[in-house]
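Reader: I would like a close look at one part of this model. Pick a spot in a helix packing and work outward from there. Please give the reasoning behind each call.

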Amino acid sequence: MSNRRSSSTQSGTPSRITDDQMIELVSKLRQLLPEIRSSRSDKVSASKVLQETCSYIRSLHREVADLSERLSQLLSTVDADSAEAAIIRSLIM
Amino acid sequence: MKNPQRSPTNPGSLRSRFTQVFLQSLLRIRKHNPTSSSSSSHGEFLKRCRRVKVAAYVSMARAVGTRRAWSRATLWRARNGERQRNLLYGRCSKSNSRERSLGKRKRKKKKKKKRDNEEHSFGHAKKLQKLVPGGEAMDFCCLLDETAHYIKCLITQVKVMRSIADFYSL
């Protein structure tokens, strides 16, 4: 299985996946990333997208951890039963 | 409806499913881990903190169901015990997780300069595989697809958790 090199800057993967597929997936990821999305350049490399994706996921994990800490502190202070129904209603509707 | 999952008013949406499951988990945690500020130790606090964090990830995986590889991996890990959870999610303490991720970044930085552009992609893909649940079993194409969905769900998860925390703080 040889690596297929192409003229585009977004290559470097096993030959199973076509360049077009790769470009599509990478651009889909790009749309989700806050920093790259705001930059106008079309020529962001796949490597950069992957790197930003990793940082973004890590930062989301950190946020979840921080929010979990906050929630577990708050849990002990609240009478949950009445609050629960109110929260569900306010968040879903 | 173009994308039912995005609509906040749709009772079947991912967001509302996650909210319900997560709130139920929070109540369960509260019931089984009652605390009073004077008697709870820091260790107890960390335990509960970790339970909330795991509950958040598992609730999201349950809301997504088994149609995604990453959610299946999360649910499988949850069923297969504490030890798996400790290995994969690490500790709840802030400094611990920051140290770990900083350490990783420092180590990889030196190698990064020596690689060319193609190897960059592989190196980052490996890191990504470790971040996405079940990633190590995926090929590159699936990995990118699963990652996109995983990120969307994580964003929803964070938003809902923040709303709940803000609500409780009032």
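**A serine at a helix contact**

Author: S71(B) is buried: its relative accessible area is 0%. That is under the 20% cut-off, so the call is clear. A caution before going on: this model is predicted.

Start with the place of S71(B). The residue sits in helix α3 of chain B. Set aside residues up to four places away in sequence. What does S71(B) touch then? The list is A61(B), V64(B), G65(B) and T66(B).

Now widen the view to the helix pair. Helix α2 of chain B covers residues 42-64, and helix α3 of chain B covers residues 69-79. The two pack with their axes 9 Å apart. The angle between them is about 130°. Is that parallel or oblique? Roughly antiparallel would need over 145 degrees, and roughly perpendicular ends at 115. The angle falls between those limits, so α2(B) is oblique to α3(B). The crossing of α2(B) past α3(B) is left-handed.

Which residues make this contact? From α2(B) come Y57(B), V58(B), M60(B), A61(B), R62(B) and V64(B). From α3(B) come W70(B), S71(B), T74(B), L75(B) and A78(B). S71(B) is thus one of the α3(B) residues in the contact. A61(B) and V64(B), which S71(B) touches, belong to the α2(B) side.

Next, V58(B). This residue lies in helix α2 of chain B. Its relative accessibility is 12%, so V58(B) also counts as buried. Leave out neighbours within four places in sequence. V58(B) is then in contact with T74(B), L75(B) and A78(B). Those residues are on the α3(B) side of the packing.

V58(B) also leads to another part of the chain. Its C-alpha atom is 9.5 Å from that of F18(B). Along the chain, V58(B) and F18(B) are 40 residues apart.

F18(B) is worth a stop. The whole structure holds 2 aromatic pairs over all chains. One of them joins F18(B) and F22(B), with ring centres 5.4 Å apart. Why stacked? Their planes are at 10°, under the 30 degrees that stacking allows, so the pair qualifies. Both rings belong to helix α1 of chain B, residues 14-32. F18(B) and F22(B) are 4 residues apart there, so about one helical turn separates them. F18(B) is buried, with a relative accessible area of 0%. F22(B) is buried too, again at 0%.

Now the cysteines, further along chain B. How many disulfides does the structure have? The search finds 0 over all chains. C141(B) is in none: the nearest cysteine sulfur, in C142(B), is 5.8 Å away. A disulfide needs sulfur atoms within 2.5 Å, so that gap rules it out. C153(B) is a further case. Its closest cysteine sulfur is also in C142(B), at 16 Å, too far for a bond. Burial is another matter. C141(B) is partly exposed, at 23% relative accessibility. C153(B) is buried, at 1%.

Last, chain A, for context. Chain A has 4 helices and 0 strands. Its elements run α-α-α-α from the N terminus on. Chain A has 93 residues, and 45% of them count as buried. Take its contacts with a separation of 6 or more. Residues 24 or more positions apart account for 12% of these.

Terms used: Residues numbered from 1 in each chain as written. Chains lettered and ligands numbered in written order. Predicted model: local features only at pLDDT ≥ 70, side-chain atom pairs only at ≥ 80, totals over all residues. Heavy atoms only, no water. Buried < 20%, exposed > 50% of the residue type's maximum accessible area, 1.4 Å probe, protein only. Phe/Tyr/Trp six-rings, centres within 6.5 Å; stacked < 30°, edge-to-face > 60°. Axes fitted to C-alpha atoms, helices over the stretch in contact; angles between N-to-C directions. Parallel < 35°, antiparallel > 145°, perpendicular 65-115°, else oblique. Left-handed = near helix turned anticlockwise from the far one by under 90°. Contact = heavy atoms within 4.5 Å.
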